[in-house]
Amino acid sequence: MNLRRLSAVLVALACVCLPQQTPQRAHSFVEFVSASNVSVTPGHSNPVEFTFHVEDPYHINSNQPLTEELIPTQLHFSLPAEVGIGRIQYPAGKLVSFPFDPSTKLSVYSGDVVIRALAMAPKSAASGTYTINGEMKYQACDNNACYPPKKLPFSFNVKIATKARVKTRR
């Protein structure tokens, strides 16, 4: 058997005998749980709550980390003309120290995180249900390391109700 043929046989055997590696999906650390149902009348606003779950044993930086080197958690939205999102209220972070530097506390979120905002509709908004696409930008860490920043896409619906009819006296 010549060297070229022997090499081909060895490569074929290696492909059959070695376990196949399947690509692992990227770890997200955070899951979008829900957004509260929201219905808005044109010219008004209503509250909406977004719930996210940070997997144990990870944490993410709060919206106001205590050092500028840390990446804050932020929500961003792609909005149709009929819907606005404003007055986003992030929860206060929990001050925690970690084994890598027990003397320093960091402002972080873990477990369930609820972010509140207002959904608004201009007076000219047409009635209907609108799908809003959002994105949570965050950086996850565990007790030993921080991971590259991620963006978690999510979506929810906002219903624009028809304008209430004003009753007039006769």
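**Notebook: strands, cores and links**

I started at a single pair: P47 stands opposite L118 in β9. The model is predicted, and I read every entry below with that in mind.

**Entry 1. The sheet around β3**

I looked up how β3 and β9 are joined. Strand β9 covers residues 111-120, and 10 bridges tie β3 to β9 in an antiparallel run. Next I checked the partner of β3 in β1. Strand β1 (residues 30-35) pairs with β3 (residues 45-54) over 5 bridges, again in the antiparallel sense. Within that pairing, S34 stands opposite T51 in β3.

I then moved to β6. Strands β6 and β9 pair over 4 bridges, antiparallel. Here G86 stands opposite L118 in β9. I had already met L118 opposite P47.

What is the order of the strands in the open sheet? I read β1-β3-β9-β6, 4 strands with antiparallel pairing. The edges are β1 and β6 (84-89), each of which pairs on one side only. I noted the twist as well: the average is 30° from one strand to the next.

**Entry 2. A salt bridge between β3 and β9**

How many salt bridges does a search of the whole structure find? The search returns 1. The side chains of E49 and R116 form a salt bridge, with 3.0 Å from N to O. E49 lies in β3 and R116 in β9, 67 residues apart, so I logged the pair as a link between distant parts of the chain.

I wanted to know whether either residue is buried. E49 has 32% relative accessibility and therefore counts as partly exposed. R116 is at 40%, so R116 is partly exposed as well.

**Entry 3. The nonpolar cores**

I turned to the interior. The largest nonpolar core holds 32 residues, and V30, F50, F52 and F156 have the most contacts inside it. I listed the elements that give two or more residues to this core: β1, β2 (38-40), β3, β5 (74-78), β9, β10 (128-138) and β12 (150-160). The largest share, 5 residues, comes from β12.

Which residues is V30 in contact with, leaving aside its neighbours within four places in sequence? I found F52, H53, V54, I60, M136, Y138 and L152.

Another core lies apart from the one that includes V30. This other core has 5 residues, among them L70, V96, F98 and V108.

**Entry 4. The loop at G43**

G43 sits in the loop between β2 and β3. Its relative accessibility is 37%, so G43 counts as partly exposed. I asked what G43 is in contact with, leaving aside its neighbours within four places in sequence. The list is A121, P122 and K123. I also checked A125. G43 and A125 are 82 residues apart in sequence, and their C-alpha atoms are 8.0 Å apart in space.

**Entry 5. The disulfide**

Last, the cysteines. The count comes to 1 disulfide. C141 and C146 form the link, with their sulfur atoms 2.1 Å apart. I read the hand next: the link of C141 and C146 is right-handed, with 100° about the S-S bond.

Are C141 and C146 buried or partly exposed? C141 is at 2% relative accessibility, which means that C141 is buried, since the cut-off is under 20%. C146 is at 46% and so counts as partly exposed.

How values were computed
Residues are numbered from 1 along each chain as its sequence is written. This is a predicted model: local features need pLDDT of at least 70, side-chain atom pairs count only at pLDDT 80 or more; totals for chains, interfaces and linings use all residues. Side-chain values use heavy atoms; hydrogens and water are left out. Two strands pair if DSSP finds at least two bridges between them. A salt bridge is a side-chain nitrogen of Lys or Arg within 4 Å of a carboxyl oxygen of Asp or Glu. Buried means under 20% relative accessible area, exposed over 50%, partly exposed in between (1.4 Å probe, protein chains only). A nonpolar core is a set of buried Ala, Val, Leu, Ile, Met, Phe, Trp, Tyr and Cys residues joined through side-chain atoms within 4.5 Å. Contact means heavy atoms within 4.5 Å. Axes are lines fitted to C-alpha atoms, for helices over the stretch in contact, and angles run from 0 to 180 degrees between N-to-C directions. A disulfide is a pair of cysteine sulfur atoms within 2.5 Å.
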